[in-house]
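Thank you all for coming; I would like to walk you through one structure this morning, moving from a metal site to a sheet and then to a ligand. Please keep the sequence and the model open while I talk.

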Amino acid sequence: MKKHYPEWLKKAVFYQIYPASFYDSNGDGIGDLNGITQKLAYVKSLNCNAIWLSPCFASPFKDGGYDVSDFYQVAPRYGNNEDLKNLFEQAHKLGIKVILDLVAGHSSIECNWFKEASKVEKNHYTNYYIWGNSADAPQYRYINGMTDKEESFMINYYYCQAALNYGFCPPDPKAPWQLPCDHVDVIALREEIKNVMKFYLDMGCDGFRVDMASSLIRGANAAQGIKDLWQYYRNFLNEYNPEAVLVSEWSHPAKAIEAGFHVDFMVFFNLPGYSSLLRGEPYRVTWSEFTFEHSFFDQDGLGDAELFCQDLITQLTSVDGKGFVSVPTGNHDTGRIAQNRDTQDMKILYSMLLLLPGVPFIYYGDEIGQDYVYNLPTKEGGYKRTGSRTPMQWDSTLNAGFSNADPKDLYLPIMPNSDRPTVANEEENPDSLLNFTRKLLALRNANEALDSEGKFKLLYVEKNQYPLVFERFTANQRFVVAVNPANRECECQIACPNWDLFKQILGDKLVKALDIYGAIKIIMPPKSYAIYSYNGIID
Ligand code: GLC
Ligand code: CA
């Protein structure tokens, strides 16, 4: 049977790079594409085989590049289109795929499309945007008085991010400026965005992470409209480049995969589970409609994994065989996963996160436990997110090896703590988080039961209880992962028919697994983890 997704997703492990902050190759204080190309071997060394690159397009950077002013041009500060092409080529030589960020929902008001559209005379670009009247539809956000047109334009996020017009489903008869999704001008915009995709696919890119993917169509029946739109693009990709992947920022995998995406993130909106697992107060940093005083992975042991597990199971069940869920370590919009966590906490956490079904995404620096930097002034629309976007910490030379610019010229300062983790330090230490991450990913890559498609079953999860134990398996292999992030001992019992084959392959030696005839009792010291194999390939 033909798969619903490209085969390479089965083994994909992504690394997310925020281009400004990864590696500065020309000493101007800001990361760039050639810098990323120079560090591809490092990405490979993590056992990652794919990269998601946050926007690298021309932009006034009022929202970190999520305000694109030319969809067909690399931002000069990052290099040029040739550099991007070269990045794709060099990555492919190492077996690394690269997906770009498609900011489909809006453009910068400095985009030429918008400048043309702002003219009073109607032209090709006028209806690329939504020229409305706030009195007719107060639920949307508009900017008044910026152009000579009578109408105001709708925005999608910040004031400078004018919403692109994919139409209304259906238009409100009381608001004649709302165009239907099949209006010829709306189709022109839809095709333009398709051309943007083609442009980068032709250059060598392997797909797209789509920004705010669920927000492109408005109206009482928006859900149907959005589904139709993405199915249209998906059909195009199926024809044009069936190896290309579509990853969504939707945070509701069941809906996103049904609409045509291959992978969707479970993050901090639409579903509560992610926040309750990882981002208790006060380390949440970014806005979320779901707030939890404690998270399951906090040392105080006052969290709860049940909510997350419920969300996960529901989502996994509905996408099974059709696409994937991703529970990322974080991204440029969240806090840093290492906030208030030590290396042991992180190992416990990654034993779960990096061995879940679906496609893992590691945000740059999370593999070394790079921390959030507090009290930074906002940079380029980052606000509180700025502290999660500081330069990658490579070594202990000038600027942590990120750049040889004068420190005052850096795009963002380096994490000031002198004991900050670096790649170089962690390379040397066999017990570092970096080497642990590599080990986990090597285990994942070597075993079918642990890849994106491997099955998942909860063996122990109880409301407000620790530990959490789950199983990954195929017909021939089984792994059991047990995590106790709490600062106290805990135990549980799991069914296990073949004790003789049950063997700890990673984790703390003090975790005990006792045969109690037909079942196993797992006794876990404070802050511990253990990974067991029944008959997997270990190395
Ligand atoms: C997405 C991006 C975020 C950006 C917003 C508007 O949520 O991840 O960084 O600010 O969309 O484009
Ligand atoms: Ca640079």
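A donor, in what follows, is an N, O or S atom within 2.8 Å of the metal, or within 3.2 Å where the metal is Na, K or Ca, and because water is not among the atoms, a site may look incomplete. I should also say at once that we are looking at a predicted model.

With that cut-off in hand, consider the calcium ion, ligand 2, whose donor residues follow the sequence spacing D-x1-N-x1-D-x1-I-x1-D. The protein donors are Asp-24, Asn-26, Asp-28 and Asp-32 through side-chain oxygens, together with Ile-30 through its O atom, and they lie 2.2 to 2.4 Å from the ion. Two of these donor residues deserve a word on accessibility: Asp-24 has a relative accessibility of 3%, and therefore counts as buried, whereas Asn-26, with a relative accessible area of 52%, is exposed.

Let me turn to the sheet. Eight strands make up an open sheet with parallel pairing, and their order is S14-S13-S12-S11-S5-S2-S1-S15. At the edges stand S14, residues 324–326, and S15, residues 361–363, each of which has a single partner strand, so that one side of each is left without a neighbour in the sheet. On average, and ignoring direction, neighbouring strands here are turned by 25 degrees against each other.

I would like to dwell on strand S5, which is mostly covered, five of its six residues being buried. On one hand, S5, residues 97–102, pairs in the parallel sense with S11, residues 207–210, over three bridges; here Asp-101 stands opposite Arg-209, and Leu-102 has Val-210 as its bridge partner. On the other hand, S5 runs parallel to S2, to which four bridges join it, and in that pairing Lys-97 stands opposite Ala-50. Helix H3, residues 81–93, lies across both S2 and S5, and runs at about 145 degrees to S5.

Finally, which residues come nearest to ligand 1? Of the 13 residues around ligand 1, they are Asp-63, Asp-211, Glu-249, His-332 and Asp-333. For three of them I can give a distance from a polar side-chain atom to an oxygen atom of the ligand: 2.6 Å for Asp-63, 2.8 Å for Asp-211, and 2.8 Å for His-332, where the side-chain partner is an N or O atom.

I am happy to return to any of these sites in the discussion.

Conventions. Residues numbered from 1 in each chain as written. Chains lettered and ligands numbered in written order. Predicted model: local features only at pLDDT ≥ 70, side-chain atom pairs only at ≥ 80, totals over all residues. Heavy atoms only, no water. Buried < 20%, exposed > 50% of the residue type's maximum accessible area, 1.4 Å probe, protein only. Pairing = 2+ DSSP bridges. Helix = DSSP H or I, 4+ residues; strand = E, 2+ residues; numbered from the N terminus. Axes fitted to C-alpha atoms, helices over the stretch in contact; angles between N-to-C directions. Contact = heavy atoms within 4.5 Å. Near = heavy atom within 4 Å. Polar contact = N/O pair within 3.5 Å; in protein donor to acceptor, adjacent residues only side chain to side chain.
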